[in-house]
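The exercises below go through one chain, from a single helix out to the overall fold. Each task is followed by a worked solution.

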Amino acid sequence: MTGKVIKYERDNIDTDVILPGQYLKLHDYDEIAKHAMEGIDPTFHSKVKPGDYIVAGKNFGCGSSREHAPIALSHCGIKGVLAISFARIFYRNAVDGAFLLPIEIDEQTYKKISDGDQIEVDTQKNQIKNITKNETYAMKPFSEIVAKIIEAGGLFKYKP
């Protein structure tokens, strides 16, 4: 899975900036997607392409438990978010709904990946290849149950 990086060099990116509250009343996922990251980056929608990745610091997706946040990111083309850590509810909403991959990385990897880099994520090898810089980084493996839910295409399709 190859895509371009859109990097936000900050921690605690909450669901209120991922999808501002005034858009929660929308029901059309494509319309919701037009407002993804609007609270932190009004130009986000014009930058993102299908298959891109967000890179951010610690505690990505904190705040309210709205599943609208991973839906908005997914439907504008984001394949995954690479972050040092995630708010647990965002993480599970992303996985359970099969919206996007929440990929945990260490601080060194976070520092090495730059905005605009092309990366390739291999969840089988737990590796991230930075094509732009010709470097390879490790990612935290998904737990066994999370890997099975991802493989199934979300919690509703998972059959233990």
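**Exercise 1. Which elements cover the buried residues of helix H5 (residues 88-96)?**

Solution. The model is a predicted one.

Step 1. List what has to be covered: the buried residues of H5 are Phe90, Tyr91, Asn93, Ala94 and Val95.

Step 2. Apply the helix geometry. An α-helix has 3.6 residues a turn, so residues three or four places apart point the same way.

Step 3. Name the cover. It includes three helices and a strand: H1 (15-18), H4 (68-75), H7 (144-152) and S4 (101-104).

Step 4. Look past the end of the helix. Ala98 follows H5 and has a positive phi, near 60 degrees.

**Exercise 2. Determine how far helix H4 is covered, and by what.**

Solution.

Step 1. Count the buried positions. Six of the eight residues of H4 are buried, and the helix is mostly covered.

Step 2. Identify them: His68, Ala69, Pro70, Ile71, Ala72 and Leu73.

Step 3. Find the neighbours. The cover of these buried residues includes the helices H1, H2 (29-33), H3 (44-47) and H5, together with strands S2 and S3.

Step 4. Check the residue after the helix. H4 is followed by Gly77, with a positive phi near 120 degrees.

**Exercise 3. Classify Leu73 and His68 as buried or exposed, and list what they touch.**

Solution.

Step 1. Place the residues. Leu73 is found in H4, and His68 is in H4 as well.

Step 2. Apply the cut-off: a residue is buried under 20% relative accessible area. Leu73 has a relative accessible area of 0%, so Leu73 is buried. His68 has 18%, which is under the cut-off, and therefore His68 is buried too.

Step 3. List the contacts, leaving out residues up to four places away in sequence. For His68 they are Leu19, Leu24 and Ile32. For Leu73 they are Ile18, Ala36, Met37, Phe44, Ile54, Phe60, Ile78, Val81, Phe90 and Leu100.

Step 4. Match contacts to elements. Phe90 is one of the buried residues of H5, and Val81 is one of the buried residues of strand S3.

Step 5. Add a distance. Gln108 lies 35 residues from Leu73 in sequence, and their C-alpha atoms are 25 Å apart.

**Exercise 4. Compare the two faces of strand S3 (residues 80-83) with those of strand S6 (residues 127-130).**

Solution.

Step 1. Recall the rule. In a regular strand the side chains alternate between the two faces of the sheet.

Step 2. Take S3. Gly80 and Leu82 lie on one side, Val81 and Ala83 on the other, and these residues are all buried, which leaves both faces covered.

Step 3. Take S6. Ile128 and Asn130 point to one face and are buried, whereas Gln127 and Lys129 point to the other and are not.

Step 4. Add the partner of S3. Strand S2 (residues 53-56) runs parallel to S3, joined by four bridges. Tyr53 has Gly80 as its bridge partner.

**Exercise 5. Work out how strands S5, S6 and S7 are joined.**

Solution.

Step 1. Start with S5 (residues 118-122) and S6. They run antiparallel and are joined by four bridges. Ile119 has Asn130 in S6 as its bridge partner.

Step 2. Inspect the turn. S5 and S6 form a hairpin with four residues between them, and Asn126 in this turn has a positive phi of about 55 degrees.

Step 3. Go on to S7 (residues 135-138). S6 and S7 also run antiparallel, with four bridges. Lys129 stands opposite Thr136 in S7.

Step 4. Inspect the second turn. The S6-S7 hairpin has four residues between its strands, and Asn134 in the turn has a positive phi of about 55 degrees.

**Exercise 6. Describe the chain as a whole.**

Solution.

Step 1. Count the elements: seven helices and seven strands. Their order is β-α-α-α-β-α-β-α-β-α-β-β-β-α.

Step 2. Test the overall form. A compact globule of 160 residues would have a radius of gyration near 15 Å, and the chain agrees with this because its value is 15 Å. The C-alpha atoms fill a box of roughly 40 × 40 × 25 Å along the principal axes.

Step 3. Consider the interior. Of the 160 residues, 46% count as buried. Among contacts with a separation of 6 or more, 63% come from residues 24 or more positions apart.

Step 4. Consider the surface and charges. The chain exposes about 8,000 Å², with 49% supplied by carbon and sulfur atoms. There are 21 positive and 22 negative side chains, and the centres of the two sets are 2 Å apart.

Key:
Residues numbered from 1 in each chain as written. Predicted model: local features only at pLDDT ≥ 70, side-chain atom pairs only at ≥ 80, totals over all residues. Heavy atoms only, no water. Rg over C-alpha atoms; globule rule 2.2 N^0.38 Å. Buried < 20%, exposed > 50% of the residue type's maximum accessible area, 1.4 Å probe, protein only. Contact = heavy atoms within 4.5 Å. Areas by Shrake-Rupley, 256 points an atom, 1.4 Å probe, with all protein chains shown as cover. Lys, Arg positive; Asp, Glu negative; His and termini not counted. Charge placed at Lys NZ, Arg CZ, Asp CG, Glu CD. Pairing = 2+ DSSP bridges.
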